[in-house]
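Student: I should like to learn how to read the features of a protein model, one at a time. May we work through this one together?

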Amino acid sequence: MIRVKWTGKALSDLTRVHDFLVTVNPQAAARIAQWLASAPARLRDHPRLGEKLDEFEPCEVRRIVIGRYEMRYEVQASAVYVLRIWRAREDR
């Protein structure tokens, strides 16, 4: 089974999403942050689940959509690295 690791930027993104939502609805903020944090677990068994983003070659960067959020990750031999998370409506 492959391991899932979070980059500093991805953790900052998760915090940013939570901090934005907590001002509107603290319970929803906690629920969504937990949901996003647990989403990469399925990548342990299916690391190539997401759409491959060719513009990052030779790195194997992929994306999955989780509700209204996009998560980008890189597949390497021994681990999947969560790179970034943002709301799909953000201009990225």
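Student: Leaving aside its neighbours within four places in sequence, which residues is Ile85 in contact with?

Tutor: Please keep in mind that this is a predicted model. Ile85 is in contact with Trp6, Ala10, Asp13, Leu14, Arg16, Leu36, Glu70 and Met71, once neighbours within four places in sequence are set aside.

Student: Which residues touch the most other members of the largest nonpolar core?

Tutor: The general idea comes first. In soluble globular proteins, nonpolar side chains tend to be buried together. In this model the largest nonpolar core has 20 residues, and those that touch the most other members are Leu36, Ile66, Met71, Tyr73, Val82 and Ile85. At least two residues of this core come from each of α1 (8-22), α2 (26-38), β3 (61-66), β4 (69-75) and β5 (79-87).

Student: Let us turn to a helix. Which residues of α1 are buried?

Tutor: They are Ala10, Asp13, Leu14, Val17 and Leu21. These residues lie on the same side of α1, because they cover an arc of only 100° around the axis. Their packing partners are β1 (3-6), α2, β4 and β5. As for the dimensions of α1, its 15 residues reach 21 Å from the first C-alpha to the last, close to the 21 Å expected at 1.5 Å a residue.

Student: Asp13 is a charged residue in that list. With which residue does Asp13 form a salt bridge?

Tutor: The partner of Asp13 is Arg16, with the closest N and O atoms 3.7 Å apart. Both residues belong to helix α1 and are 3 residues apart, about one turn of the helix.

Student: Is Arg16 buried or partly exposed, and is Asp13 buried or exposed?

Tutor: The cut-off for buried is under 20% relative accessible area. Asp13 counts as buried because its relative accessibility is 3%. Arg16, with a relative accessible area of 32%, is partly exposed.

Student: How many salt bridges does a search of the whole structure find?

Tutor: The search finds 8. One of them joins the side chains of Lys52 and Glu57, at 3.4 Å from N to O. Lys52 is partly exposed at a relative accessible area of 36%, and Glu57 is likewise partly exposed, at 47%. Another links Glu60 with Arg62, at 2.9 Å from N to O. Here Glu60 counts as buried at 17% relative accessibility, and Arg62 is buried with a relative accessible area of 11%. In addition, Glu51, Arg63, Glu70 and Arg72 are linked in a network of salt bridges.

Student: Next, the sheet. In what order do the strands lie?

Tutor: The 5 strands form an open sheet in the order β1-β5-β4-β3-β2, and the pairing is mixed. β1 and β2 (51-52) stand at the edges with a single partner strand each, so one side of each has no neighbour in the sheet.

Student: In what sense do β3 and β4 pair, parallel or antiparallel?

Tutor: β3 and β4 pair in the antiparallel sense, over 6 bridges. Arg62, already met in a salt bridge with Glu60, stands opposite Tyr73 in β4. The pairing of β4 with β5 is also antiparallel, over 7 bridges, and Glu74 stands opposite Tyr81 in β5. A hairpin of 3 residues joins β4 to β5. By contrast, β1 and β5 pair in the parallel sense over 4 bridges, with Val4 opposite Val80 in β5.

Student: Is Val80 buried or exposed?

Tutor: Val80, in strand β5, is buried, with a relative accessible area of 0%. Leaving aside neighbours within four places in sequence, Val80 is in contact with Ile2, Arg3, Val4, Lys5, Leu43, Pro47, Tyr73 and Glu74.

Student: Pro47 appears among those contacts. Where is Pro47 found, and which residues does Pro47 touch?

Tutor: Pro47 is found in the loop between α2 and β2, and counts as buried at 15% relative accessibility. Not counting residues up to four places away in sequence, Pro47 touches Ile2, Arg62, Tyr73, Val75 and Val80. A separation in sequence can also be set beside one in space: Pro47 and Glu74 are 27 residues apart in sequence and 8.9 Å apart in space, C-alpha to C-alpha.

Terms used: Residues are numbered from 1 along each chain as its sequence is written. This is a predicted model: local features need pLDDT of at least 70, side-chain atom pairs count only at pLDDT 80 or more; totals for chains, interfaces and linings use all residues. Side-chain values use heavy atoms; hydrogens and water are left out. A nonpolar core is a set of buried Ala, Val, Leu, Ile, Met, Phe, Trp, Tyr and Cys residues joined through side-chain atoms within 4.5 Å. Buried means under 20% relative accessible area, exposed over 50%, partly exposed in between (1.4 Å probe, protein chains only). Contact means heavy atoms within 4.5 Å. The expected span of a helix is 1.5 Å times one less than its number of residues. The arc is that of the directions from the helix axis to the C-beta atoms. A salt bridge is a side-chain nitrogen of Lys or Arg within 4 Å of a carboxyl oxygen of Asp or Glu. Two strands pair if DSSP finds at least two bridges between them.
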